[in-house]
Amino acid sequence: MKCISFSLISAVVLLSPAQELPLPSAAHGGRGVIKVDLNADGHEDLVVSNEVGFGVYLFVPTEAAKKNLEWLPGWTQVMREGKRGDVGELPSLVNQKVKVEGRSVVIGAESFSFDELMEVVTDKLLAPADSMKTFQLPVGYEVSLVAAEPQVTDPVFIDWDERGRMWVAEMGDYPFAEGESTKDGRVTWKDGVPSEGRGLQAGRIRILEDKDGDGLYESSTLFLDGLKHVTGLACWKGGVFVANIPDIFYAKDEDGDGKCDHKESWYTGFTAGNPQHLVNGFCWGLDGWFHGANGDSGGSITRVKDRQKIELGTNDFRFNPQTGEFKLETGRTQCGKWRDDFGNWFGNNNSNPGWHYWLPMGWLESHPEVVAKSVRSDLTPDRRVFPSGTPARRVNQASSQGSLTSGCNIMPSRIEPGVVYICEPANNLVQRQVLDYSGPTIRSQRHEADASRDFLTSTDRWFRPVMARTGPDGALYVVDMYRAVLEHPEWIPAEMAKRMKLRGGETMGRIWRVSKGEREPFKVSMASANGWSRDVAQRLIVEGAGQIDLKELEQLASSASRQIKTQALFTLKLLGKKSAADLVKVLEPMWPQVRGAAVIAAGGSTLFPEEMAMLSQKGSAGPVAKVPVIENLDPDRQKIVQRYLPASGLPGDAKRGTAVFQKAGCVACHRLGNIGVEVGPDLATVGAKPAAQLIEAIFDPNRAVEQRNAVTQITTHKGEMLMGLIGAESPGGVTLRMAGGADVAVKRADIKELKTLQTSLMPPGLEALMTLQDTADLLASMKAAAVGVGQAR
């Protein structure tokens, strides 16, 4: 038996070269630290426990590091970490007799196996009543529970039908369905299967009812089981459309028992993969179509009834529930494509709180000669979040604490004009922003009551809000998936994933109601101030199931409320009682709330002058900044990275760093303050990341490239080859954002081949232009810019 004794531990002796890699903060000073190879990979790991805190850190060798996940060389895989008194605390190693016996560490009289030490410790789960006590809201708001396990589990999406029943999409098979694994196969669906031997759950659709009207949905009926990564639904003619890879299908209860009797696929071919990047939706549009989000995965879509093929590409979509027509829409939204009361569309992805899709596909289809530079604009540059208590440490991108990393479902309130809610499950919060309609595109800023806080926060680390939408009573309903881990194993080190409760909470789930105490009576009406009520009333009229009072609709079309007026006008057009010209005539004076998206949806053909001014048919004529020419390229990138890592310890000068930014040609693809071109990330948004990660990104840019940042290569019929990032895609062509800042529009008729490469647009070889001191100065400039952005916001 191997036995190594550490008598009265007070410091650590490095047993092997550590390449001067930094220690975790708890290990600074060397007190209460031992090194031992816990996972038998030939590298010593750290076990730390002292008056500062405790932690278990696995060593990541250089060859295993992946920059995009922040698994950097060193002791960066954090299996557990905390302060004295936190969950998972280890006995102090200071002034203790410690020894390693076989595969155990003995601390005083206590023994811990290596496997126990490597277990990823999570906070204790809370009962609904206890979880509710952890919520923090602005003054005047209150929260109540409307549904919880076992009535509902794993909820990710909700909607209500005309009877007031809540339909719930439950993703019970998160993060893996049976047979799935990470791309490298290192973590599979078998990891994290419940110990009691229960098999894997599937996706489900459930119907909840509040039969006694007390606000609690006490009745639960399983409508449909056996689904794969269900991501959304929409009510239609007594049934629901469901997004369920690889299909969108329609399902209905035909005998009144609340269970599905009829199921038919309408569209198929949506790409499978990470359940956080799948087709999702749906949102009812003023045009009488359902709108959905791409999910970042795309697909080659087949309309089942006639086998028509449509390539989804980088677009979102909509479909007509009456005719089955399927059309592309501008945008590539990751999770949740939603509109306001005026027909303006919004979406986002995990790292961007929101986009306004200002250029509709309908306009681009009628102008195939136009290849747009962009079809969307950022709502806000503010990525800050304000979680309750100590920010949770992510298993990847740990430096992103305090920043949006899991944004989803940017949802305009349907009863509070101009307010949008954004869910952030990784940080256990819901953010509130206010839309600003005054400019050529819609912008947003924090609500005045949320300047240094977020709307709904919780110290319960299992609280995972994934949707916050207006309900039939005017309150905000928050969908809480309630999971220990809400991160796909593709983005977790395999060593950690196999020791985490990947399915922890899979038998749980909550839905919360947030309001100022009032409850509106349930009513479906076109005259309602609640947009949910108007949507359902309009949908029922389109279905042929709703009562039509044309006189009332005409009166509402002259309403003082722009929201009610807009929806009444669209409804009259859908009934054939108003022409496109009639609608456009009334809609145009309602700028800036009403914009080109609504005009085109109404059947108009023009955008507003402010929007036309933003269009650039040809893109910029040439590069805004010069791309450097690099010679003497060393193909062994990691050696270069190691050579430049010491720059992280050198004092840097931010002013000199700005000059380096220009000299090295970084201005060709990045912004730093007011200098440069934003092709890749604005360096102020990444300047707070660890220096080692930034150094690797600078000198080994192709080490790991996210799919959405991969280079697109276009070969034209004339033999020209262009490479850049897709800025916009339309029926007429593709716009590439090139290194140097040039926007090059390429008509589809001119494209011979278009393919995606697994490389970055950033060139390797910057070591030919930068010294160690240059690197330290550039890092200092980036850090200063990051601090400045935070203060400005």
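Start by selecting D636 and K639 in this predicted model. Their side chains form a salt bridge, with N and O 3.7 Å apart. Colour the two residues by accessibility. K639 is exposed, at a relative accessible area of 58%. D636 is partly exposed, with 31%.

Next, show D154, E170, R204, R206 and R483 together. Salt bridges with shared partners link these residues into one network. Keep the five side chains on screen while you trace the network.

How many salt bridges does the count come to? The total is 36. Two further pairs follow.

**R303 and D306**

Select R303 and D306. The closest N and O atoms of this salt bridge are 2.3 Å apart. Is R303 buried or exposed? R303 has 11% relative accessibility, so it counts as buried, the cut-off being under 20%. Its partner D306 has a relative accessible area of 38% and is partly exposed. The bridge therefore pairs a buried arginine with a partly exposed aspartate.

**R332 and D296**

Move on to R332 and D296. Here the closest N and O atoms are 3.7 Å apart, and the pair forms a salt bridge. Now display the secondary structure around both residues. Which parts does this pair tie together? R332 sits in the loop between β24 (326-329) and β25 (338-339). D296 sits in the loop between β20 (290-293) and β21 (299-303). The pair therefore ties together parts that are 36 residues apart in sequence. Both ends are partly exposed: R332 has a relative accessible area of 25%, and D296 has 21%.

**Helices α7 and α8**

Finally, select residues 562-574 for α7 and 580-587 for α8. Two packed helices are described by an angle and a distance, both taken between their axes. For α7 and α8, the angle is about 170° and the axes are 10 Å apart. How does α7 run relative to α8? The two helices are roughly antiparallel, because angles over 145 degrees count that way.

Show side chains at the contact. From α7, pick K565, T566, L569, F570 and K573. From α8, pick A580, L583, V586 and L587. Colour this set by residue class. The contact of α7 with α8 has six nonpolar residues, one polar and two charged. The charged ones are K565 and K573, and the polar one is T566.

Key. Residues numbered from 1 in each chain as written. Predicted model: local features only at pLDDT ≥ 70, side-chain atom pairs only at ≥ 80, totals over all residues. Heavy atoms only, no water. Salt bridge = Lys/Arg side-chain N within 4 Å of Asp/Glu carboxyl O. Helix = DSSP H or I, 4+ residues; strand = E, 2+ residues; numbered from the N terminus. Buried < 20%, exposed > 50% of the residue type's maximum accessible area, 1.4 Å probe, protein only. Axes fitted to C-alpha atoms, helices over the stretch in contact; angles between N-to-C directions. Parallel < 35°, antiparallel > 145°, perpendicular 65-115°, else oblique. Contact = heavy atoms within 4.5 Å.
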